Every structure is written in structure tokens, then in C-alpha cells.
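Q: I would like to go through the empty space and the ligand site of this model. Could we take them in turn?
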Amino acid sequence: MNVLTLETTCDETSAAVVNDRLEVLGTVVASQDELHRRFGGVVPEIASRAHLERMLPVLDETLRRAGLALGDLDAVAVAHTPGLAGSLLVGLVAAKTLAMALDVPLVAVNHLQAHIYACRLAAGPEVFPCVGLIVSGGHTNLYRCLGPLDFTLLGATIDDAAGEAFDKVASMLGLPYPGGPSLSRAAVQGDPNAYRLPRPMLDEPDRLDFSFSGLKTAVRYLLVGPGRHDFEQLELSPKKVADLAAAFQEAVVDCLVGKAFQALAATGLRTLCVGGGVAANARLRQRLAERAGDESVALYVAPMELCTDNAVMGAIALERIRAGQFAPLTLDVKPGVVRA
Ligand code: KG4
Ligand code: ZN
């Protein structure tokens with residue numbers, strides 16, 4: 001069985017063909033970074049227009065790489081929640097059209113479950129049951145995951161997502177877009193103890209939520225003081241940029257690692273799966289591995305190429321197909337987080 005999966009939740013246009021042995025036959029990820037760079041963040045209208053332009057070329061190239069024709073597809077899956085409404089719609093309309101034209105079933109993919117499924121793809125079914133930590137540009141969520149499709153929300157950010165905070169602080173420091181990777185590169189040369197930054201909510205083990213907006217403001221005050229946003233005028237020394245980047249990254253990593261292990265303690269689970277764009281962060285991966293080693297927790301972090309948005313993780317569609325869960329052609333987008 002060959003399943004086409006489409007992913008257009010934010011600013012990556014991606015397609016993959018995966019078979020029922022979870023082998024990836026072909027995939028393409030078309031990034032829009034260059035379109036959003038000058039705005040310092042994803043502009044929803046630009047993202048949806050770019051998806052429209054890219055969808056058919058991405059589809060053609062994915063099939064070419066897989067060595068398949070449209071007629072070889074047995075089902076079409078699409079991430080329909082959560083994400084940017086206009087972006088989601090492009091993938092959904094493409095998937096519905098193909099399903100109808102090819103007379104094959106349509107399968108709905110929850111993008112957050114798919115981020116955790118990236119760990120399953122790399123490591124096998126033993127990753128479940130687990131605590132799932134999803135850290136991306138749009139989400140910072142902790143779940144009790146009893147199976148690939150059985151998620152219960154334990155906690156989430158009450159303001160900015162971790163990736164969003166990385167992106168905004170990187171922009172204050174004059175680092176290039178996308179901010180997460182460039183801030184983590186700058187942090188390598190920095191001293192994480194050069195500045196004292198807060199660890200919001202870390203001292204509240206009974207509350208599995210996150211907050212990153214105050215941390216971002218703390219960095220802003222260190223740069224320009226209250227009420228000012230004139231970062232462009234700053235002439236920051238490379239040392240100050242590196243130290244602030246390292247101090248900020250360490251604070252975020254402390255919160256993410258701390259809360260994930262508080263969730264393990266609260267649920268009694270002994271396995272942790274981590275996915276989403278920020279899971280590509282080297283310091284986060286290192287600190288998670290250290291703590292998991294200390295506490296004998298089984299840790300699975302998504303492989304680097306499956307951390308940021310991609311259609312391969314849409315292979316979770318095979319789980320729905322096995323469970324007989326097909327979507328009607330009336331399937332709609334659900335842009336907000338579904339509190340499962
Ligand atoms: O999962 P993703 O591709 O998209 C969403 O679903 O949001 O995550 C993108 C986010 C961006 O905020 C980006 O800055 C962040 O992941 N990111 C990183 C790193 N690589 C990507 N953040 C920190 N360190 C990284 N190495
Ligand atoms: Zn994502």
C-alpha cells in the first residue's frame with residue numbers, strides 16, 4: 001500500500017509517499033524561508049500563496065523520486081490541524097481533489113501527533129506509551145501518549161511557543177532568520193552564566209505549563225530597557241550576542257527539560273519522546289540525554305531531518321488506516337490546537 005501524505009500547516013510545502021512497511025519511497029520539503037526572511041517571521045498570506053504555487057511541483061517531484069504514478073497511490077493523507085488556516089486549506093484541497101479523482105480514501109493527520117510519530121518512525125513501536133513533548137514555532141505542549149493516536153494534553157505554553165521565543169530573541173540580537181538555528185549557533189561561543197534569566201514556572205511541579213514571553217522580555221530589558229524596541233540601533237559586540245544567546249538558550253532548555261521530567265513524574269511514565277523544530281536544538285538534545293541517563297528514562301528525540309515540518313511524519317496516517325479511521329470529503333481544517 002502506498003500512501004501520499006501532504007503537509008502545509010505553516011510555511012513548509014511538503015509531500016511524501018510512504019508504504020505500509022513505513023518505508024519512505026520519496027519526499028520533498030520546499031522551504032519558504034527566503035520569502036519570510038525580511039519580515040522576521042511567517043506571514044500567513046504569503047505562506048498560503050506560496051503553498052499554492054509549490055503544491056503541484058512538490059507533488060510531481062515526490063512521485064518522480066518515488067518512481068510512482070498517481071495511479072499507484074492507495075490513499076491520500078493530509079495534516080488538517082493545527083496550523084495557519086490559509087496554509088492548511090491548500091494541502092486539504094489538494095488532498096481532497098486527489099482522493100476524489102483517484103477514488104482512494106482520504107486520511108486526516110493531526111500535525112502534533114505526527115511530530116511525535118517522527119520518533120516512532122526512527123525507533124519503532126516501543127516508543128509508546130510515553131510523555132510527548134512538542135516544541136515548535138507554534139507549540140510547546142506536553143502530552144500523555146498512550147499510543148500513536150491516543151494523546152491527552154498535560155500542559156502547554158500560556159503565551160509564546162519556545163520556537164517563537166527563539167525567533168524573536170534572535171531578531172533582537174540581530175541574528176538572521178530563521179532565528180532558532182542562528183541563535184543556537186551564536187550560543188556555542190557564549191557563556192550561559194553571563195546573564196541571569198528567569199526560569200518561568202519551573203518551581204511549580206504540579207503545573208505542567210510553560211511561559212516564554214517573560215523570558216523574552218527579560219532579554220529585551222537587558223538590551224534596550226523597558227518600553228523601547230529600537231534594536232536596529234544597537235551595536236552589540238559578538239561576545240554580548242553570544243553570551244545573551246547562550247543564557248537565553250540555557251533558560252529555555254532548563255524549562256523544557258524540567259517540565260518534561262515533571263510530566264514523567266506526574267504520569268509515572270518512563271519514556272519521553274520529543275519532536276518539533278526546536279527538538280533540532282543541539283543543547284536541548286544534549287541536556288535531555290544527560291537527564292534521561294541520570295534518571296534511567298528511555299528517551300527518543302526525532303531525527304534531525306524530521307524535527308522541522310515535513311510530510312514523512314504524516315506516515316502516522318498508516319495507523320489511522322489500520323484502525324479503519326478514514327476522513328469524509330467534508331473534512332475541514334482546524335487551525336487551533338485540538339485539546340485532545
Ligand atoms: O516544527 P516547526 O518546523 O514548525 C512549526 O510547527 O512551528 O518548528 C519551527 C521552529 C522555529 O521557531 C525555529 O526557529 C525552531 O523551530 N528551530 C530551532 C532550531 N531549529 C529550528 N530552535 C532552536 N534551535 C534550533 N536548532
Ligand atoms: Zn510543526
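Q: To begin, how many cavities of 30 Å³ or more does the structure hold?
A: This is a predicted model, and it holds 2 cavities of 30 Å³ or more.

Q: What volume does the largest cavity have?
A: Its volume is about 50 Å³.

Q: Which residues line the largest cavity?
A: The lining consists of Thr5, Leu6, Glu7, Ala77, Val78, Ala79, Val109, Ala114, Asn310, Ala311, Met313 and Gly314. Two elements, strand 1 (2-7) and strand 4 (75-81), give two or more residues each to that lining.

Q: How do those lining residues divide by class?
A: There are 8 nonpolar, 3 polar and 1 charged residues in the lining of the largest cavity.

Q: Turning to the ligand, where is ligand 1?
A: Ligand 1 takes up the space of the largest pocket. It is surrounded by 19 residues, of which Gly137, Asp167, Gly277, Asn281 and Asp309 are the closest.

Q: Which helices supply at least two residues of that shell?
A: Helix 4 (111-123), helix 5 (162-172) and helix 6 (179-187) each do so.

Q: And what is the make-up of the shell by class?
A: The shell around ligand 1 has 12 polar, 5 nonpolar and 2 charged residues.

Q: What about backbone contacts: how far is Gly137 from an oxygen atom of the ligand?
A: A polar backbone atom of Gly137 is 2.8 Å from an oxygen atom of ligand 1. For a backbone N or O atom of Gly277 the distance to a ligand oxygen is 3.0 Å, and for one of Gly163 it is 3.2 Å.

Q: How much of ligand 1 does the protein bury?
A: Ligand 1 exposes 560 Å² when taken alone, and the protein buries 89% of that.

How values were computed. Residues numbered from 1 in each chain as written. Chains lettered and ligands numbered in written order. Predicted model: local features only at pLDDT ≥ 70, side-chain atom pairs only at ≥ 80, totals over all residues. Heavy atoms only, no water. 1 Å grid on protein atoms, 1.4 Å probe; cavity = no way out; pocket = protein on both sides within 12 Å on 5 of 7 lines; lining within 4 Å. Points joined across faces, edges and corners; volume = space filled by probe spheres on them. Helix = DSSP H or I, 4+ residues; strand = E, 2+ residues; numbered from the N terminus. Nonpolar A, V, L, I, M, F, W, Y, C, P; charged D, E, K, R; others polar. Near = heavy atom within 4 Å. Polar contact = N/O pair within 3.5 Å; in protein donor to acceptor, adjacent residues only side chain to side chain. Areas by Shrake-Rupley, 256 points an atom, 1.4 Å probe, with all protein chains shown as cover. Sits in = over half its atoms within 2 Å of the grid points.
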